[in-house]
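Reader: Please take me through how several features of a model are read, giving the general idea and then the case at hand.

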Amino acid sequence: MMRGLVLAIFMVCASVAGAQNCRDVKFGDQAPRPPQNASRDIVGQSLDEIVERGWILFAVYDDFPPFVFKKDGKAVGIDIDLGRLIAETLGVEARFNIVAAGENVDADLRNNVWKGPLVSGRVSNVMLHIPYDRELQCRNELVVLTGHYFQETIAIAYRKADYPDGGPTPPYFRYDSVGVENDSLADFYLSGIANGQIIPNMTRYDSTEDAMAALREGKVKAVMGPLTQLQFGKDAQVAVHQPPLVGLSRGKWTLGVAVRHSWRPLGYAVDDAIRAAVEDGRMAKIFGQYRVEYNAPEW
């Protein structure tokens, strides 16, 4: 899955991408790119139009527990509950466009927020679970990144029986087996330690969910990945800890939402709804329902 690569590349910072703000941002050897032009200048709906019609459409990533997954044939998860919370605050119904992760976040924003896919599909009013990153914002001037709702971090899950004296740190994996999601931050990090000495003990899986299933079955001794996903996938035989990760420059990142740049009042309303839920404890309650720790964003 590409989602691990997406979260490995794009992390933390800034909601406004004016030319002045992005002047120092470089893309390879090139100067900052000029604003993109969508083939359709007006896409989506304003806040007033959403309220008038009575529903709002959220784009959420498919097959991404605990944020989105199927239970009894219905989509459930943290991002589904968050969408409903936002919709309730706006006084409308929540509807969901469940999408597969694209090649990168830039493609996801193009396909789901400001332009739409080349073939079929539709533009959504709000896309959830978007990394809050200054360079990402500068590259995508037709969207606004806002609505920080939690902070993710890298951690290690391990079988208690294999580590009775406490959880492992990355050097253990020169000898012990470890699972990671393919092309994820954890994959890149462990692959680069000690000139690749950990690679022979690494098993790459399509998703962190699959890696955690292998851990529960005893096929690997540990799994490295996002804390929230590790906590959701553990059982009584598995523990999760966050050891120091030497050489990992960004072990945590903030997640928020994206809206089209031409509908800023909608972005303000969504941001207000999320901030209120963080401050009054409703956001932590949503995460708690899925047995995971809630880490508030650093505003």
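Author: We may begin with accessibility: D176, at 14% relative accessibility, counts as buried. The classes rest on relative accessible area, with buried under 20%, exposed over 50% and partly exposed in between (1.4 Å probe, protein chains only). K221, with a relative accessible area of 30%, is partly exposed. As to the basis of these values, this is a predicted model, in which local features need pLDDT of at least 70 and side-chain atom pairs count only at pLDDT 80 or more, while totals for chains, interfaces and linings use all residues. Residues are numbered from 1 along each chain as its sequence is written, and side-chain values use heavy atoms, with hydrogens and water left out.

Reader: How is a salt bridge recognised, and what is the count by this rule?

Author: Side chains of opposite charge can pair when their charged atoms come close. The rule asks for a side-chain nitrogen of Lys or Arg within 4 Å of a carboxyl oxygen of Asp or Glu. It gives nine salt bridges. One of them joins D176 and K221, at 3.7 Å from N to O. These two residues link distant parts of the chain, 45 residues apart: D176 is in the loop between β6 (143-159) and β7 (178-181), and K221 is in the loop between α7 (208-216) and β9 (222-226). The element names follow DSSP runs numbered from the N terminus, helices being H or I with at least four residues and strands E with at least two.

Reader: Which residue forms a salt bridge with D106?

Author: The partner is R139, and the closest N and O atoms are 2.9 Å apart. D106 belongs to helix α4 (residues 105-114) and R139 to helix α5 (residues 134-139), so this salt bridge ties together parts that are 33 residues apart in sequence. Both residues are buried. By contrast, K219 and E217 are exposed; they form a salt bridge with closest N and O atoms 3.1 Å apart.

Reader: How should the length of a helix be judged, and how far does α3 reach from its first C-alpha to its last?

Author: The expected span is 1.5 Å times one less than the number of residues. Helix α3 (residues 78-90) has 13 residues and reaches 19 Å, close to the expected 18 Å. The helix is mostly covered, with 10 of its 13 residues buried. Among the buried residues are I78, D79, D81, L82 and L90. Just after α3, G91 takes a positive phi of about 80 degrees.

Reader: Which strands pair with β5, and is the sense parallel or antiparallel in each case?

Author: Two strands are said to pair if DSSP finds at least two bridges between them. Strand β1 (residues 55-61) pairs with β5 in the parallel sense over two bridges, and A59 has M127 of β5 as its bridge partner. Strand β11 (residues 252-260) runs antiparallel to β5, joined to it by four bridges; there P131 is partnered by L255. As for burial, six of the six residues of β5 (residues 126-131) are buried.

Reader: How is a pocket defined, and which residues line the largest pocket?

Author: The search uses a 1 Å grid over the protein atoms alone: a cavity is a set of points where a 1.4 Å probe fits but cannot get out, whereas a pocket is an open set with protein on both sides within 12 Å along at least five of seven lines; lining residues have an atom within 4 Å of a point. Grid points are joined across faces, edges and corners, and a volume is the space filled by probe spheres set on the points. The largest pocket has a volume of about 160 Å³. Its lining consists of P65, T208, E209, M212, A213, R216, Q229, F232 and G233. Helix α7 gives the most to this lining, with five residues; α7 and α8 (227-233) each supply at least two. The lining divides into four nonpolar, three polar and two charged residues, where Ala, Val, Leu, Ile, Met, Phe, Trp, Tyr, Cys and Pro count as nonpolar, Asp, Glu, Lys and Arg as charged, and the others, Gly among them, as polar.

Reader: What backbone features merit attention, and is the peptide bond from P65 to P66 cis or trans?

Author: Most residues other than glycine have a negative phi, and most peptide bonds are trans. The bond from P65 to P66 is cis, with omega near 5 degrees; P66 is found in the loop between β1 and β2 (69-71). A194 has a positive phi near 50 degrees, and N195 has one near 55 degrees. A194 is found in the loop between α6 (185-191) and β8 (202-205), and N195 also lies in the loop between α6 and β8. At 30% relative accessibility A194 is partly exposed, whereas N195 is exposed at 81%.
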